[in-house]
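Trainee: Before I rely on this model, could you take me through the terms used to describe it and show how each one is justified?

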There are 2 protein chains.
Amino acid sequence: MHTALECIPCFVRQALEAARFVTDDPGIHERLVREVLRATAEMDLSQSPPMIACRIHRSLRSMTGVTDPYNRAKEAFNRMALAMYEELEMATASSADPLDMAVRLAIAGNVIDLGVNGTLTEAQARASLDNALDEPLCGDTADFRRAVESARNILYLADNAGEIVFDRLLVERLGSHKVTLAVRGGPILNDATIDDAKAAGLCDIVKVIDNGSDAPGTVLGECGDEFRRAFAGADLIISKGQGNFETLSDELANIFFLFKVKCPTIANHVGLPLGSHVLLPSEAGRMRDERLLKERV
Amino acid sequence: MHTALECIPCFVRQALEAARFVTDDPGIHERLVREVLRATAEMDLSQSPPMIACRIHRSLRSMTGVTDPYNRAKEAFNRMALAMYEELEMATASSADPLDMAVRLAIAGNVIDLGVNGTLTEAQARASLDNALDEPLCGDTADFRRAVESARNILYLADNAGEIVFDRLLVERLGSHKVTLAVRGGPILNDATIDDAKAAGLCDIVKVIDNGSDAPGTVLGECGDEFRRAFAGADLIISKGQGNFETLSDELANIFFLFKVKCPTIANHVGLPLGSHVLLPSEAGRMRDERLLKERV
């Protein structure tokens, strides 16, 4: 997905919020904002938004020497989500359709995104999560179920800390023997890294790899070899969050995108209202599905 | 009021919205956004936000040759407000406290601000206006009433088209013989100019002047002589909207600011929640009031 002009105010806001996370020094806040303005004035809009966000956060890290500004926020959201986990796991296990419920909860967890809203509090996230199951799901869990059942090798792309605890509910239902979970290769915003996968207990139940990149999405050209092999070898990819959607929506792979629509540009791109909870097969996935259906007929 | 770093994403958004108002040419949208990014990267933050917004809109006008992009929107909001006028005027006249009700309605009208929300629809504005009288007023109408009663020469600074029809309800209660109403000197966003004062019928009941400037606020150094004389000669200034507040909040004049808090930076500055309806005396006005009270004792 290319970067829209509408993304630019968001980059500036995100840079400022990140700078405030790192330091109280208003001089650094101003320097970073001015640097972001200069850089975005000349930027190549054919890049995806996460690629540009990645550059901004690299600047901030080099300006301040702080490598993981969102560290405490990530730990706090992991704790919040873990406190909810046991109850949600029991409710999911005893529900009439555990896979469907786990999909809904995994998408609900995508609200924990400090890239879109850097001032999101635990109370706000908690309130949103408490109402998550009332949200209608835009997408077909029957298609998703078929894709999961026929897959032998699933690559699950995590998105954010905190959210990754909700991902565990879904990972448990996919058949953990066939799942590899991938996290970011380095700290970026509140995106999940290997530490968050460990905190969520995911390292104990599935193979976890990092993608070798510090982009808040999956920019394949920036990812490491191990991840690229896993991506190429997966027969189903489950992609969480807007950042992964923005970077992978044009890929010719069998992907289901699970995310909450959190900005008007994405809403416009997918043709669904802001706030929608989305389970969306990739173009290639849809084509493959139609071919399989035809073969059956 | 200085420009906060938080204002910058808003400038970029506003520039893009304004560019889309003017033309469907994506090349011009991109050129304007890049120009705004370059200019804001080097800008002097000690200027007020309306001064910077003014520069951005001058760029857009020179780039496109379109002098009044918001013209149709202004006409539409004037029509909407005029359709509500008669009913509101009757309700105000027959209310227990017409001045208080007129103040509340004038502040409610401040929701019609395409600078803060360029996609505001008539239906959204109408819904907000319908609920306006339920909004609590942050401020003391008793102080305001005293100031109006003791004033001999009131300068009323209008803000937006549409809103100016609601201002008429208040102007009618101030004693029209002692009121001069000022509008912007040229088109900027959906701010009211002389055409809107005419459409609202205000030119028939009070003296109307323009301020000689195309800033979306009152930048005294940019205003014409006639306006500056009126400003200096007024013993009470009634200032509508955030833009006038941002540009006049540090002036040593007897001002009442009437506005709806529409952005977090202003909310923070005045210490009131976003959405508040505010009736706020200037520092100089408060000092003068205290002196008068002491003289009475």
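**Contacts, domains and strands**

Mentor: Let us begin with the two chains, where the contact takes 15 residues from chain B and 15 residues from chain A, two residues being in contact if their C-beta atoms, placed from the backbone, lie within 7 Å. This is a predicted model, in which local features need pLDDT of at least 70, side-chain atom pairs count only at pLDDT 80 or more, and totals for chains, interfaces and linings use all residues. Residues are numbered from 1 along each chain as its sequence is written, while chains are lettered from A and ligands numbered from 1 in the order in which they are written.

Trainee: Which helix gives the most to the side of chain B that touches chain A?

Mentor: That is H2(B), with eight residues. Helix H1 (7–22) and helix H2 (26–41) of chain B each supply at least two residues of that side; helices (H or I, at least four residues) and strands (E, at least two) are DSSP runs, numbered from the N terminus.

Trainee: How many residues of the side of chain B that touches chain A are nonpolar, polar and charged?

Mentor: The side of chain B that touches chain A has eight nonpolar, two polar and five charged residues. For this count Ala, Val, Leu, Ile, Met, Phe, Trp, Tyr, Cys and Pro are nonpolar, Asp, Glu, Lys and Arg are charged, and the others, Gly among them, are polar.

Trainee: What is the division of chain A into domains?

Mentor: Chain A is divided into domain 1 (7–64) and domain 2 (71–295), with bounds that come from an automatic or database domain assignment. The centres of domain 1 and domain 2 of chain A, taken over C-alpha atoms, are separated by 26 Å. Their contact takes eleven residues from domain 1 of chain A and 13 residues from domain 2 of chain A. On the side of domain 1 that touches domain 2 of chain A, helix H1 (7–22) and helix H3 (49–64) of chain A each supply at least two residues, and the largest share, six residues, comes from H3(A). By class, that side of domain 1 of chain A has seven nonpolar, three polar and one charged residues.

Trainee: What makes strand E3 of chain B mostly covered?

Mentor: Four of the five residues of strand E3 (residues 179–183) of chain B are buried. A residue is buried if 20 or more other C-beta atoms lie within 10 Å of its own, exposed if 12 or fewer, and partly exposed in between.

Trainee: How do you know that E2(B) and E3(B) pair?

Mentor: Two strands pair if DSSP finds at least two bridges between them, and strand E2 (residues 154–157) of chain B pairs with E3(B) in the parallel sense over four bridges, so the requirement is met. Among the bridge partners, B:Ile154 is matched with B:Val179 and B:Leu157 with B:Ala182.

Trainee: In which sense do E3(B) and E4(B) pair?

Mentor: E3(B) and strand E4 (residues 207–210) of chain B pair in the parallel sense, over four bridges, and B:Leu181 stands opposite B:Val208 in E4(B). Between these strands the chain crosses from E3(B) through helix H9 (residues 194–199) of chain B to E4(B), in a β-α-β crossover that is right-handed; the word applies if, with the strands pointing away from the viewer, the path from the first strand over the helix to the second runs clockwise.

Trainee: Why are E1 and E4 of chain B said to stand at the edges?

Mentor: In chain B seven strands form an open sheet of mixed pairing, in the order E1-E7-E6-E5-E2-E3-E4. Strand E1 (137–138) and E4 of chain B each have a single partner strand, so one side of each is left without a neighbour in the sheet.

Trainee: Why does B:Leu189 count as buried?

Mentor: B:Leu189 counts as buried because it has 28 C-beta neighbours inside 10 Å. B:Leu189 lies in the loop between E3 and H9 of chain B, and has a positive phi of about 45 degrees although it is not a glycine. Most residues other than glycine have a negative phi.

Trainee: What is the mean pLDDT of chain A?

Mentor: The mean pLDDT of chain A is 92, and 98% of its residues reach 70 or more, where pLDDT is the predictor's confidence in each residue, from 0 to 100. The model scores ipTM 0.80 and pTM 0.80.
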